[in-house]
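Open the model in your viewer, show it as a ribbon, and keep the selection tool at hand. The tour below goes from one selection to the next and says what can be found at each stop.

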Amino acid sequence: SVDVSVTQDVNTNLTQITSNHQSGGSMQLKCGSFQNLYAATPCVLDPRSSDIVVEMQKNHPDLTDPSDLCQILDFYFAGTLAPVVILSRNKELISDLTIVVSRLEGVKVIRNIDPSSYKIMRSLYDPSDTPNLRDDILQLQRDGGGQSQSLVTIELTCHTNDSQMIIREIIEDTPSMTAFSSERSALYKDGLLFCVYVEGDITPEIASRASLVI
């Protein structure tokens with residue numbers, strides 16, 4: 001165990017963690033948009049994350065929470081969030097984020113999926129060759145050398161509350177099983193980034209699954 005002291009400054013909304021060990025140091029943390037704690041002075045672990053944010057700020061200078069976005073992208077590339085789900089009511093922002101991430105070496109992409117017109121996953125009664133997003137992702141993962149080694153970015157467009165309900169299972173925590181899937185055919189979501197445009201209000205069903213709203 002680690003012996004630490006925790007103090008909070010209500011004026012600055014900063015939390016200070018100090019090690020009580022003789023050689024210990026301290027760290028200041030701030031609350032993110034989801035009340036997650038982040039380092040007050042961002043520490044970028046993967047240069048791809050900061051490169052993406054810089055590129056995004058060129059077209060979106062009013063981008064909210066760029067440090068939070070950088071941190072979430074760090075988690076994506078490190079594989080510590082599975083999946084990563086970024087929501088926005090700005091369609092252009094989501095489209096640009098998808099494009100910028102997909103330009104990186106080794107990242108595969110699925111663009112502009114509308115759940116109201118394209119199946120997210122097959123039902124038990126659908127023919128085995130029915131096109132659907134779940135199988136599309138699995139195929140890209142196989143092409144990339146396996147689920148644990150693949151980075152896939154998926155752009156989703158939700159124009160209605162029904163569309164948000166349809167995607168809630170595909171964006172939830174790993175793994176994703178269907179009624180007829182085995183452990184071998186389960187969709188493991190390591191390396192998946194869902195960039196989701198939402199028209200109108202964001203429903204609790206997908207807000208609860210979001211890593212970040214921008």
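A residue is called buried when its relative accessible area is under 20%, exposed when it is over 50%, and partly exposed in between (1.4 Å probe, protein chains only). Helices (H or I, at least four residues) and strands (E, at least two) are DSSP runs, numbered from the N terminus.

This is a predicted model, in which local features need pLDDT of at least 70 and side-chain atom pairs count only at pLDDT 80 or more, while totals for chains, interfaces and linings use all residues. Residues are numbered from 1 along each chain as its sequence is written, and side-chain values use heavy atoms, with hydrogens and water left out.

**The whole chain**

Begin with everything selected, and you will find 6 helices and 9 strands. Of the 214 residues, 40% count as buried. The chain exposes about 11,400 Å², of which carbon and sulfur atoms supply 49%; such areas come from the Shrake-Rupley method with a 1.4 Å probe, and for residues only the protein chains shown count as cover. If a contact is taken as heavy atoms within 4.5 Å, then residues 24 or more positions apart account for 62% of the contacts in the chain with a separation of 6 or more.

**The sheet**

Now select β6, β7, β8, β5 and β9, which in that order form an open sheet of 5 strands with parallel pairing. Two strands pair if DSSP finds at least two bridges between them. In general, strands of a sheet pair through backbone hydrogen bonds, either parallel or antiparallel.

Start at β6 (107-113), which is joined to the parallel strand β7 (151-158) by 5 bridges, and look for I110, which stands opposite I154 in β7. Moving across, β7 and β8 pair in the parallel sense over 7 bridges, with T157 opposite Y197 in β8. Next, β5 and β8 pair in the parallel sense over 5 bridges; here V84 has L193 in β8 as its bridge partner, and S88 stands opposite Y197 in β8. Finally, β5 and β9 (residues 212-213) pair in the parallel sense over 2 bridges, and the bridge partner of I86 in β9 is L212.

Why does one side of β6 and of β9 lack a neighbour in the sheet? Both strands stand at the edges, each with a single partner strand, so one side of each is left without a neighbour.

**Two covered strands**

Select β8 (192-198) alone and show its side chains. This strand is mostly covered, since 7 of its 7 residues are buried. L192, F194, V196 and V198 point one way, whereas L193, C195 and Y197 point the other way. Then do likewise for β5 (84-88), where 5 of 5 residues are buried; V84, I86 and S88 point one way from this strand, and V85 and L87 the other way.

**The nonpolar cores**

A nonpolar core is a set of buried Ala, Val, Leu, Ile, Met, Phe, Trp, Tyr and Cys residues joined through side-chain atoms within 4.5 Å. In soluble globular proteins, nonpolar side chains tend to be buried together.

Select I52, Y76, I86, L97 and L193, which have the most contacts inside the largest nonpolar core, a set of 25 residues. The elements that give two or more residues to this core are α1 (47-59), α2, β5, α3 (91-102) and β8, and the largest share, 6 residues, comes from α2. Leaving aside its neighbours within four places in sequence, L97 is in contact with I52, M56, I86, C195 and I214.

A second, separate core has 23 residues, including L138, L140, L192 and F194.

**Around α2**

Which residues form the aromatic pair? Select Y76 and F77, whose rings are 5.1 Å apart centre to centre with 50° between the planes, a tilted arrangement. Rings of Phe, Tyr and Trp (its six-membered ring) pair if their centres lie within 6.5 Å, and planes under 30 degrees apart count as stacked, over 60 as edge-to-face and the rest as tilted. Both Y76 and F77 are buried.

For the last stop, select T80 in the loop between α2 (66-78) and β5. T80 is exposed, with a relative accessible area of 54%. Add D190, which lies 110 residues from T80 along the chain, and see that their C-alpha atoms are separated by 8.2 Å.
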